[in-house]
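The following note is offered to a colleague who is meeting this structure for the first time. Its points are numbered so that each may be read beside the display.

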Amino acid sequence: MSAFKAFKAQVPVAWSPNLYITLVRGMPGTRKLHRRTLEALRLGKCNRTVMRWNTPTVRGMIQQVKRLVVVETEEMYKARKENQEKHRALRPPLVVSHLPTPASESS
């Protein structure tokens, strides 16, 4: 299961005051009505995220283009961004010594 679907399954969307909508599929080849809906949501390019209030109008628009977008609540969005930042964070350098180890003296 993809990370988006895992987040999507966690919290009911109706409980959140804000929705974070991400376009995950391209617009070419979609119906004109769907393209206009995405333009109304201000989603122009793939992998762009917008924040919209959770109103019946916005939920209806999302329902219309549900195969093209992923909807997250605020908590889910923040958790995903935190995981992405943690993944991109600098890691300490790996130190490799190519010197031979000293032979241990055994008598």
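1. The note begins with a strand pair in what is a predicted model. Strand 1 and strand 3 run antiparallel and are joined by five bridges. Within this pairing, Tyr 20 has Glu 72 of strand 3 as its bridge partner. Thr 22 stands opposite Val 70 of strand 3, and Leu 23 stands opposite Val 69 of that strand.

2. The other pairing of strand 1 is with strand 2. These two strands are also antiparallel, and five bridges connect them. Thr 22 takes part here as well, with Thr 49 as its bridge partner in strand 2. Strands of a sheet pair through backbone hydrogen bonds, in either a parallel or an antiparallel manner.

3. Taken together, the three strands make an open sheet with the order 2-1-3 and antiparallel pairing. Strand 2 and strand 3 are at the edges and have a single partner strand each, so one side of each has no neighbour in the sheet. From one strand to the next, the twist averages 30°.

4. The wider setting of the sheet may now be given. The protein chain contains four helices and three strands, and along the sequence they follow the pattern α-β-α-β-α-β-α. Of the contacts in the protein chain with a separation of 6 or more, 76% are between residues 24 or more positions apart. Of the 107 residues in the chain, 28% are buried. The chain exposes about 8,500 Å², of which carbon and sulfur atoms supply 56%.

5. How is strand 1 placed with respect to the rest of the structure? Six of its six residues are buried, so strand 1 is largely enclosed by the rest of the structure. The cover extends to both faces: Asn 18, Tyr 20 and Thr 22 lie on one side, Leu 19, Ile 21 and Leu 23 lie on the other, and all are buried. In a regular strand, side chains alternate between the two faces of the sheet.

6. Strand 3 deserves a similar remark, although it stands at an edge of the sheet. This strand is mostly covered, with five of its five residues buried. Val 69, Val 71 and Thr 73 point one way from strand 3, while Val 70 and Glu 72 point the other way; all of these are buried. The buried Glu 72 is the residue named above as the bridge partner of Tyr 20.

7. Two helices should be examined against the sheet. Helix 3 packs on the sheet and touches strand 1, strand 2 and strand 3, its direction making about 25° with that of strand 1. Helix 4, residues 74-88, lies across strand 1, strand 2 and strand 3 and runs at about 100° to strand 3.

8. Helix 3 spans residues 56-64, and its buried residues are Val 58, Met 61 and Ile 62. Why do these residues lie on the same side of helix 3? They cover an arc of only 100° around the axis, and this places them on the same side of the helix. The face turned away from the buried side carries the exposed residues Pro 56 and Thr 57. The cover over the buried residues of helix 3 includes strand 1 (18-23), helix 2 (32-40), strand 2 (49-53) and strand 3 (69-73).

9. Helix 2 is thus among the elements that cover the buried residues of helix 3. Ala 40 belongs to helix 2. This residue is partly exposed, having a relative accessible area of 43%. The C-alpha atoms of Ala 40 and Val 58 are separated by 9.6 Å, the two residues being 18 residues apart along the chain.

10. The final point concerns aromatic rings. One aromatic pair is found in a search of the whole structure. It consists of Tyr 20 and Tyr 77, which are stacked at 4.2 Å centre to centre with 5° between the planes. Because Tyr 20 lies in strand 1 and Tyr 77 in helix 4, the pair ties together parts that are 57 residues apart in sequence. Both tyrosines, Tyr 20 and Tyr 77, are buried. Tyr 20 therefore joins two descriptions given in this note: it is in strand 1 and belongs to the aromatic pair with Tyr 77 of helix 4.

Note on methods:
Residues are numbered from 1 along each chain as its sequence is written. This is a predicted model: local features need pLDDT of at least 70, side-chain atom pairs count only at pLDDT 80 or more; totals for chains, interfaces and linings use all residues. Side-chain values use heavy atoms; hydrogens and water are left out. Buried means under 20% relative accessible area, exposed over 50%, partly exposed in between (1.4 Å probe, protein chains only). The arc is that of the directions from the helix axis to the C-beta atoms. Contact means heavy atoms within 4.5 Å. Accessible areas come from the Shrake-Rupley method with a 1.4 Å probe; for residues, only the protein chains shown count as cover. Two strands pair if DSSP finds at least two bridges between them. Axes are lines fitted to C-alpha atoms, for helices over the stretch in contact, and angles run from 0 to 180 degrees between N-to-C directions. Rings of Phe, Tyr and Trp (its six-membered ring) pair if their centres lie within 6.5 Å; planes under 30 degrees apart count as stacked, over 60 as edge-to-face and the rest as tilted.
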